[in-house]
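Work through the exercises below with the sequence and the 3D view open. Try each task before reading its solution.

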Amino acid sequence: MSARAVNGVPGPSTLMGDPGPEGRFGDFGGRFVPESLVPACLELDAAFREAWADPGFHLEFEQILTEFGGRPTPVTRCLRLSERLGVTVLLKREDLAHTGSHKLNNVIGQALLTQRMGKTKMIAETGAGQHGVASATAAALLGLECTVFMGEVDVERQSLNVFRMELLGATVRPVTSGSRTLKDAVNEAMRAWVSEVADTHYCLGSVMGPHPFPYMVREFQSIIGREARGQCAALLDGAAPDLVVACVGGGSNAAGIFSGFVDTSSRLVGVEAAGGSAIGTGIPGVLHGMKSQLLQDEEGQIKEAHSISAGLDYPGIGPEHAHLAATGRAEYTRAGDDEVIDALCILAETEGIICALESAHALAWVLREAGGAIPAGSSVLVNLSGRGDKDVAQVRELLAARTKR
Ligand SMILES: *Cc1c(COP(=O)(O)O)cnc(C)c1O
């Protein structure tokens with residue numbers, strides 16, 4: 001594909017590049033924050049760009065992800081599943097990273113940046129608790145004070161993750177405003193950031209929020225795509241896979257793996273939860289400092305997302321994904337709860353891997369479309385974003401409920 005600019009929209013070859021000082025991805029992105037938050041965003045943008053241009057920062061980042069995080073994560077060929085589906089399935093094993101998902105890449109990057117800015121405290125928001133646990137982990141490793149904002153409803157639902165964060169030395173602050181879930185925890189974390197910005201960094205958990213977060217988090221996660229590009233080339237005679245598939249909540253694991261293949265002819269496919277499909281059913285709007293596709297009612301009120309996987313329960317999507325969808329470079333689709341549970345079970349039985357419910361969304365689409373939207377004989381790389389240990393109790397209940405109905 002050639003580089004071209006139509007009506008100011010960058011051509012494919014400039015996709016997933018530097019979104020500029022305003023953090024624009026076509027019509028999406030930006031920095032829609034109160035005046036009081038602008039200096040913090042500008043400071044962070046400058047600090048990130050300076051660090052990311054420094055080979056010393058990359059060295060330290062990659063050394064920690066290797067020694068502490070277990071990178072590089074392998075690419076696994078799924079022989080039995082491939083035979084069953086008639087397509088070659090490869091898994092990028094982010095489930096094998098320390099703490100059990102890709103989230104570590106982002107929090108190690110941001111914790112290092114916190115130190116580099118001379119700050120001693122990190123705050124984070126969390127829904128189900130996964131990003132909170134990852135943030136608490138990175139803070140413990142680097143000796144930072146950590147406070148995690150979590151909706152009161154989620155604190156009750158996820159008491160084990162609250163305990164994990166406390167074990168790691170973090171403080172969990174229940175948020176009692178609004179619906180007392182993730183959306184409100186983000187608002188509260190932004191408020192706390194403004195008032196404590198002198199010594200505090202806000203470690204946002206996905207490729208969303210105001211610039212520079214969508215850009216910065218994608219860059220920290222791009223290690224997934226860089227590794228996978230080389231690993232796939234070794235397995236596919238130098239070629240890139242025909243398809244690269246990832247689940248999408250905010251979109252950080254998808255952005256990380258897509259960035260390694262955006263300049264190839266690989267089809268890029270993001271799979272949202274059917275009950276949280278911001279590309280499929282959302283409309284453009286502004287939330288949490290960014291313009292993106294959002295789940296809204298007719299009055300523009302943000303709707304709650306619903307999914308069996310808490311990590312996909314976000315009413316929006318990162319702005320760069322909205323742009324990749326608008327340009328057609330990436331496709332976005334969805335998977336429903338039942339097929340997701342089936343996918344988790346099938347992977348477990350055929351390959352000996354229990355994956356996270358989030359990751360099972362990507363797999364569910366592959367299972368549904370093999371031989372259909374995915375031509376027989378294709379090679380498909382699936383980003384297995386996380387391991388399923390956190391989900392087994394829930395899966396047992398869901399399967400028990402299914403046999404009753
Ligand atoms: C948090 C999480 C996700 C969703 O976040 P993205 O930013 O969309 O990647 C997906 N998979 C796992 C295992 C997670 O923990």
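The exercises cover the domains, their interface, the ligand site and some backbone features.

The model is predicted, with pLDDT of at least 70 required for local features and 80 or more for side-chain atom pairs, while totals for chains, interfaces and linings use all residues. Residues are numbered from 1 along each chain as its sequence is written, and side-chain values use heavy atoms, with hydrogens and water left out.

**Exercise 1.** State how the protein chain is divided into domains, and how far apart the domain centres lie.

Solution. Domain 1 takes 24-65 + 104-213, and domain 2 takes 70-101 + 222-403; these bounds come from an automatic or database domain assignment. The C-alpha centres of domain 1 and domain 2 are 23 Å apart. In the contact (heavy atoms within 4.5 Å), 29 residues come from domain 1 and 34 residues from domain 2.

**Exercise 2.** Describe the interface between domain 1 and domain 2 by its buried area and its polar contacts.

Solution. Start with the area, meaning the accessible area (1.4 Å probe) that two parts lose on being put together, summed over both. Between domain 1 and domain 2 about 2600 Å² is buried, with 66% of it on carbon and sulfur atoms. Next, count residue pairs in polar contact: there are 11, both residues at pLDDT 80 or more. A polar contact is a pair of N or O atoms within 3.5 Å; within protein, one must be able to donate a hydrogen and the other to accept it, and residues adjacent in sequence count only if both atoms are side-chain atoms. Then look for salt bridges (a side-chain nitrogen of Lys or Arg within 4 Å of a carboxyl oxygen of Asp or Glu): the count between domain 1 and domain 2 is 0.

**Exercise 3.** Find the residues that come nearest to the ligand, and list polar contacts of K103, G250 and G251 with it.

Solution. There are 16 residues around the ligand, and K103, S206, G249, S252 and S385 come nearest; a residue counts if one of its heavy atoms lies within 4 Å. K103 places a polar side-chain atom 2.5 Å from a ligand oxygen atom. For G250, a polar backbone atom is 3.2 Å from an oxygen atom of the ligand. For G251, the distance from a backbone N or O atom to a ligand oxygen atom is 2.8 Å.

**Exercise 4.** Give the omega values of the peptide bonds R71 to P72 and H211 to P212.

Solution. The bond from R71 to P72 is cis, with omega near -5 degrees. H211 and P212 are also joined by a cis peptide bond, with omega about 15 degrees.
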